[in-house]
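Let's take a walk through this protein, one region at a time. Have the sequence and the 3D view ready, and follow along.

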Amino acid sequence: MKGIRWINIILALAFLSSCGSGQTGGTGGNPINNLFATSTPLPTAQVRITPAPDAQAAVTKYLEAMQKDDYTGMYDMLTRSSRDAITLEDFSKRYKNALNEMSAASLEFSILSSLLSPTNAQVAYRITYHTTLVGDIQRDIPMNLVNEESVWKVQWEDGLILPELIGGNQLAMEYSVPARGDIYNKDGQPVVSQADVFAIGIQTEEIDPNNRSGMTAAIGRLCGYDPKFIEDQIDLNGPGWYLPMCEATREEAQGIITMGGGVVATEYKSRYYFGTGIAPQSVGYTLSISPEQYDAYRRLGYNGTERIGQTGVERWAEDYLAGQHGGILRVVGPTGQIISTLGQQSEPKPADSVYLTLDGNMQKYAQQAIEYFRGAIVVMEVDTGRILAIASGPDFDPNFFDPANPNNSSVNDFNEPLLNRATQGQYPLGSVFKIITFAAALESGLYLKETPYDCQYDFTELEDVVLHDWTWQHCQDAIAAGEACNDSTEKPSGLLTLQEGLMRSCNPYFWHIGLDLFRNWDRGGDIAKMARAFGLGSRTGIEQVEEATGQILEPAGEIDAVNQAIGQGDVQVTPLQVARFIAAIANGGTLYRPQIVEKIQPIDGDPVLVFKPEAQGTLLLRTDNLTTLQEALFMVTNNPRGTARFNLRGFIEQFDVAGKTGTAESGNGKSHAWFAGYTMNEANTGLPDIAIVAIVENIGEGSEYAVPIFRAMAETYYYGSPQSVPSFGPIGFPPYTPTPFGGVVAP
C-alpha cells in the first residue's frame, strides 16, 4: 500500500511540472498557473527576539537606593503584589528599624549570579553591613524579580534585609552606654560634669520676713544675682509663686539647702554646668536626640535616649565625650524569644575628658565684664592662638535645658543669648579697621609714616557730599549744651602725620586714603585685599566653636571706598577675627589658628590630642611697615592725644599696652563700642603677651566702654582681678550712663 501511495504522489508532481512548462509570462491558458500566480513576491519571513530586561541592573539600582536610604525609590521598584501587601510607611520603617538596630553606619554589595526566564528572574547578591557596635555582618541573599510590562520588579520579603528576619523576626540590640565625659578648664577645674545637683528656688509665701535680706544675699552670692534684683522679683510676683534661681552642687550650696524660710532646694542628677555656665556659648550644651537626628545617631551606635552635644565644644567633641557604646545584637522571634546572636561588643569604652585652654579666673571676669551688655570679649595668647577667655553677653544657663531640672525653662531669646557674639556676631569694625587702611597705605608705597594731612572738621573730596570728622559731632554736642568747642575732643586735630592720623583716629585722613587708592594707580581693591590678608572675610578655622565668615567686598564706587576705609559700609567682622589679627600684629606678623581645646585625656594613658600652635599665614606687611604700625598703636594708648589714653591712666604707667579704639555706626540705635589691643610685658612679667578685643553693642564710644573693659581684663591678667572702676560702674554690676569729666573720647 505504501508503494502505491508514493507512485500517486510522483505522478501528481510530474503532471504539475508538465503543465507549467513553456509558460514564460502571463496567466492565460492554464488554470493551475492562475491558482498559484502573484504579481508581488512575498517577503522573506523575519525572526525577532525580544530580550528580557537586565535583572542585575535592576538589583543594583535597588541596593544603591538602599545605600542612600531612598526607601521611596526602593518601594517604587516592588511588584504590584508586594506593594499591595505592605505600605510605603511600613516598608520604610522595616528598613530603618533594622539598619538602626544593627548600628549600620554603611553598607556595600556585589552581584554574585543571576537566573533568567522571560517572566521571572533570581539574582543573588552579597551584602555587607559595616556596623558601629558589632563589626561587619555579611550575607548572601537571593532576590526574586518579576517582569511587569518589560520592567523587572522586586518580589519583596523581610529576608532581603537579612535572611534571619524571615517569619516576622526582629533585631534587638542590648546597649552598654558609658557615662558622658567631663570638661575642665586648663587648670583642671570642672566646667561640665555628671553630678548630684540641687535646683535652688524661692517659694514666696514661705519667706521669713526677719531673714529676707540674709536669704537674698546668700542666694545672690551663690547664683550671681544682685540681692536687690532678687528682692524686686519677690515684690513683683507676690505670695504664692515659685521663683527659680540657679543650680548648685551640694558643696556649692552648703548652708543654703537647709536654710528654709522660703528657700527650696530640690535634688536631681544631671550633666551639670558649673557657675550657671562657663563660656556657655562656646562650651555648648546637650539636648535629647531630636527626631531629625534619630536615624543618624542610631547608625552611630546610640540607643536614641542619650543627650548629645548640640553646639560648641559639646558638639565638636561628641565622639570623645560620648565614649564607645557596647552592644549585643540578637534576633528575636515575634513573641520576643531570643533566636540567635549576630554579634557583640559587650564592653563599652569609657569616655574621654576635654581640657580647655580657658583660664578660670580670666573667664570669670570676662563674663562679669560683659554680663549686663550685648557684646563680646576675646582674650588670646599672641604667640600661640590659645584662647584664655571668650565671653558673649548676654549669656544663659545651660542647666535650664535639662528636663530633670525643676528650674527647667526655655531661654528668653529677646537678646539672643544663645548667639556666640565672639565668633558668630558680625559687626562693622569702625575705626579699628583703620589699622587695615593704614597698612594698605604704607604697602602701596604712596604713603610714609611722616606723610602729612590737615585733619579738619569736614571732608570735601567727594562730589556733592560733605562728611564730618568725629570731633565735629563733639563740637555740636558742646554747642547744644551752651559750651564752647575748646576741648581737644571738640577741636579739629590739625596737621597730622600718618601715624598721628591713626593715633587721633582722624576720619578725613582715612577717607582721603581710601578715595586716593580707589581713584589712582589701579589700587581700588588694595584695602579689601589687605583686609583679607589680615584674615577678615573668612573663618579663622577655630573648628571647636561655630563661627561666621564676616564680609569684605571690593568697593563698587567712591562712596563704598571711603566707607570701607573707616570700617563702615558693607564691612562685617567677628570679634575672634579681630583678636587673631591683633595678635599677629603683636607677635611680628604670624596669624595663628585660634583654639579653645588644650587636650583630650582618656581615663588611662597619654592624651589622644594635645594643643599645638598652628600658624596659618603672615600679614602682608614689610618689617619696617609693621614696626611703623606697632608704634602708631602704642601712641593710641600712651600719647596725651591718643584716643585710648584717658581711660588707661594709672595702668599704662605700670604696663605697656597698645591698641585701637573704634566706634562703629550700627545702623540701628547707638554706635558699637570697640577696642582691640595687646600687652607688651612678657619680658618683665614672665607671662605670655595677650591680645584682648572687646565690643559692646549699641552703647556709645569705644573709649568710654570698650577701653575700660580692656583695662579690666588686662588688670585681671596681671593682678588677679580688676583694680579700677570704669565710669559706667563696677565690673559685674548693672551699668549706669557714664559722665566723662575730661580726656579724649574716641570715635
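Let's start with Ile585. Leaving out residues up to four places away in sequence, Ile585 touches Ile435, Phe534, Leu619, Leu626, Leu629, Gln630, Leu633 and Tyr678. Keep in mind as you look around that this is a predicted model.

**The cores**

Where does Ile585 fit in the bigger picture? The largest nonpolar core has 88 residues, and Ile585 is among the members that touch the most others, along with Phe534, Val578, Phe581 and Trp674. Helix H20 (residues 575-587) supplies the largest share of this core, 8 residues. There is also a second, separate core of 44 residues, with Tyr75, Leu133, Ile137 and Leu162 among its members.

**Helix H7 and what covers it**

Next, find helix H7, which covers residues 212-223. Its 12 residues reach 16 Å from the first C-alpha to the last, close to the 16 Å expected at 1.5 Å a residue. Which residues of H7 are buried? They are Met215, Thr216, Ala218, Ile219, Gly220 and Cys223. The cover over these buried residues includes strand E7 (190-203), helix H8 (227-237), strand E8 (242-249) and strand E9. Right after H7 comes Gly224, which has a positive phi, near 80°.

One of those covering strands deserves a second look. Strand E9 spans residues 263-273 and holds Ser270. Is Ser270 buried or exposed? Its relative accessibility is 5%, so Ser270 counts as buried. Setting aside residues up to four places away in sequence, Ser270 is in touch with Ser193, Gln194, Ala195, Val197 and Asp402.

**The disulfides**

How many disulfides turn up in a search of the whole structure? The search finds 3. Here they are with their sulfur-to-sulfur distances:

| Disulfide | S to S distance |
|---|---|
| Cys223 and Cys246 | 2.0 Å |
| Cys455 and Cys506 | 2.1 Å |
| Cys475 and Cys485 | 1.9 Å |

If you count the bonded cysteines along the chain, the pattern reads 1-2, 3-6, 4-5.

Take the pair Cys223 and Cys246. This disulfide links distant parts of the chain, with Cys223 in helix H7 and Cys246 in strand E8, 23 residues apart. The torsion about the S-S bond of Cys223 and Cys246 is about -60°, so this disulfide is left-handed. Cys223 has a relative accessible area of 7%, which is under the 20% cut-off, so Cys223 is buried. Cys246 is buried too, at 1% relative accessibility.

Now move along to Cys455 and Cys506. With 105° about the S-S bond, their link is right-handed. Cys455 sits in strand E17 (residues 453-455), while Cys506 lies in the loop between helix H16 (498-504) and helix H17 (507-519), 51 residues apart. Both Cys455 and Cys506 are buried.

That leaves Cys475 and Cys485. The torsion about their S-S bond is about 90°, so this disulfide is right-handed. Cys475 belongs to helix H15 (residues 470-480), and Cys485 to the loop between H15 and strand E20 (494-496), 10 residues apart. At 6% relative accessibility, Cys475 counts as buried.

**Strand E22 and its partners**

Time for some strand pairing. Strand E22 (residues 597-601) is mostly covered, with 4 of its 5 residues buried. Strand E14 (residues 353-356) is joined to E22 by 4 bridges, and the two run antiparallel. E22 also pairs with strand E23 (residues 609-610), again in the antiparallel sense, over 2 bridges.

Which residue is a good landmark here? Try Lys599 of E22, which has Tyr355 standing opposite. In E23, Lys599 has Val610 as its bridge partner.

**A last stop at Ile339**

Finally, look for Ile339, placed in strand E13 (residues 338-345). Why does Ile339 count as partly exposed? Its relative accessibility is 45%, and partly exposed means between 20% and 50%. Apart from neighbours within four places in sequence, Ile339 is in contact with Asn169, Val331, Val332 and Gly333. Another residue to find from here is Leu171: its C-alpha atom is separated by 10.0 Å from that of Ile339, although the two are 168 residues apart along the chain.

Methods. Residues are numbered from 1 along each chain as its sequence is written. This is a predicted model: local features need pLDDT of at least 70, side-chain atom pairs count only at pLDDT 80 or more; totals for chains, interfaces and linings use all residues. Side-chain values use heavy atoms; hydrogens and water are left out. Buried means under 20% relative accessible area, exposed over 50%, partly exposed in between (1.4 Å probe, protein chains only). Contact means heavy atoms within 4.5 Å. A nonpolar core is a set of buried Ala, Val, Leu, Ile, Met, Phe, Trp, Tyr and Cys residues joined through side-chain atoms within 4.5 Å. Two strands pair if DSSP finds at least two bridges between them. The expected span of a helix is 1.5 Å times one less than its number of residues. A disulfide is a pair of cysteine sulfur atoms within 2.5 Å.
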